[in-house]
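Me: I'd like to learn how to read a structure feature by feature. Can you take me through one?

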Amino acid sequence: MKIHVINGPNLNILGKREPEIYGKSTFKDYFTELQFEFKDVELSYFQSNIEGELISELQEADDNVDGIILNAAAYTHTSVAIGDAIKAISTPVIEVHISNTHAREDFRKTSYVSPNAFGIIIGFGLRSYELAIRSFLD
């Protein structure tokens, strides 16, 4: 099983950015923990603050992995293009969010990713990624 994790803007500064919402762990450290926990899964990771790079990564991952875990971050609420990219590929995409986006600002309640995602996991902190991996394994 090959699963590709794609993270959007500002997720490269986890651990520093609003730790009361996003926690104190860096994603790099957490990803190492995931690789240790899921030794039988080939996990890969990509992060970008640039919308077009996220779209290119989705397209490149299509048919090369069994599943994609996408945290498009703020682009979730603004990017029709990322939603269209997910719709255009055949690899299932699980949308994840660290915080409960529905309990935050109103603009975060709209997702252009969700209508085309295979599933959505929000609000479980970094554990949202673990739950997404497990959903592909079941």
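Reply: We will go through helices, burial, salt bridges, rings, cores and annotated sites in turn. This is a predicted model: local features need pLDDT of at least 70, side-chain atom pairs count only at pLDDT 80 or more, and totals for chains, interfaces and linings use all residues. Residues are numbered from 1 along each chain as its sequence is written, and side-chain values use heavy atoms, with hydrogens and water left out.

Me: Which residues of helix H5 are buried?

Reply: Terms first. Helices (H or I, at least four residues) and strands (E, at least two) are DSSP runs, numbered from the N terminus. Buried means under 20% relative accessible area, exposed means over 50%, and partly exposed is in between, with a 1.4 Å probe and protein chains only. Helix H5 spans residues 127-137. Its buried residues are Ser128, Tyr129, Glu130, Ala132, Ile133 and Phe136.

Me: What covers the buried residues of H5?

Reply: Look for contacts, meaning heavy atoms within 4.5 Å. The cover includes helix H2 (27-37). It also includes strands S1 (2-7), S2 (42-47), S3 (67-71), S4 (93-97) and S5 (119-122).

Me: How many salt bridges are there?

Reply: The general idea: side chains of opposite charge can pair when their charged atoms come close. The rule here is a side-chain nitrogen of Lys or Arg within 4 Å of a carboxyl oxygen of Asp or Glu. That gives three salt bridges. One joins Glu37 and Arg134, at 2.5 Å from N to O. Glu37 lies in helix H2 and Arg134 in helix H5, so this pair ties together parts that are 97 residues apart in sequence.

Me: What about the salt bridges of Glu130?

Reply: An α-helix has 3.6 residues a turn, so residues three or four places apart point the same way. Arg127 and Glu130 are three residues apart in helix H5, about one helical turn. Their side chains meet at 3.5 Å, N to O. Glu130 and Arg134 sit four residues apart in H5, also about one turn. That bridge is 3.0 Å, N to O. Put together, Glu37, Arg127, Glu130 and Arg134 form a network of salt bridges.

Me: Is Glu130 buried or exposed?

Reply: Glu130 is buried, at 11% relative accessibility. Its partners are partly exposed: Arg127 at 44% and Arg134 at 35%. Glu37 is partly exposed too, at 40%.

Me: How many aromatic pairs are there?

Reply: Rings of Phe, Tyr and Trp (its six-membered ring) pair if their centres lie within 6.5 Å; planes under 30 degrees apart count as stacked, over 60 as edge-to-face and the rest as tilted. The count is six aromatic pairs. Ring pairs link Phe27, Tyr30, Phe31, Tyr45 and Tyr129 into a cluster.

Me: Which residue lies over the face of Phe36?

Reply: A charge sits over a ring if NZ of Lys or CZ of Arg is within 6 Å of the ring centre and within 35 degrees of the ring normal. Lys39 does so at Phe36, 4.0 Å from the ring centre.

Me: Which residues of the largest nonpolar core touch the most other members?

Reply: In soluble globular proteins, nonpolar side chains tend to be buried together. A nonpolar core is a set of buried Ala, Val, Leu, Ile, Met, Phe, Trp, Tyr and Cys residues joined through side-chain atoms within 4.5 Å. The largest has 22 residues, and Phe27, Leu34, Leu43, Ile69 and Tyr129 touch the most other members. S1, H2, S4 and H5 each supply at least two residues of this core. Another core, of 17 residues, lies apart from it, with Leu54, Ala61, Ala85 and Val93 among them.

Me: Which residues does the "active site" annotation cover?

Reply: The unreviewed UniProt entry lists Tyr22 and His97. UniProt positions use the numbering here, feature names are shortened, and annotations may be inferred rather than shown by experiment. His97 lies in strand S4 and is buried, at 6% relative accessible area. Leaving out residues up to four places away in sequence, His97 touches several residues, including Asn71, Gly123 and Ser128.

Me: And which residues does "binding site" cover?

Reply: The same kind of UniProt annotation, from an unreviewed entry, covers Asn71, His77, Asp84, Ile98, Ser99 and Arg108. Asp84 is in helix H4 (residues 80-88) and is partly exposed, at 47%. Ser99 is in the loop between S4 and S5 and is buried, at 9%.
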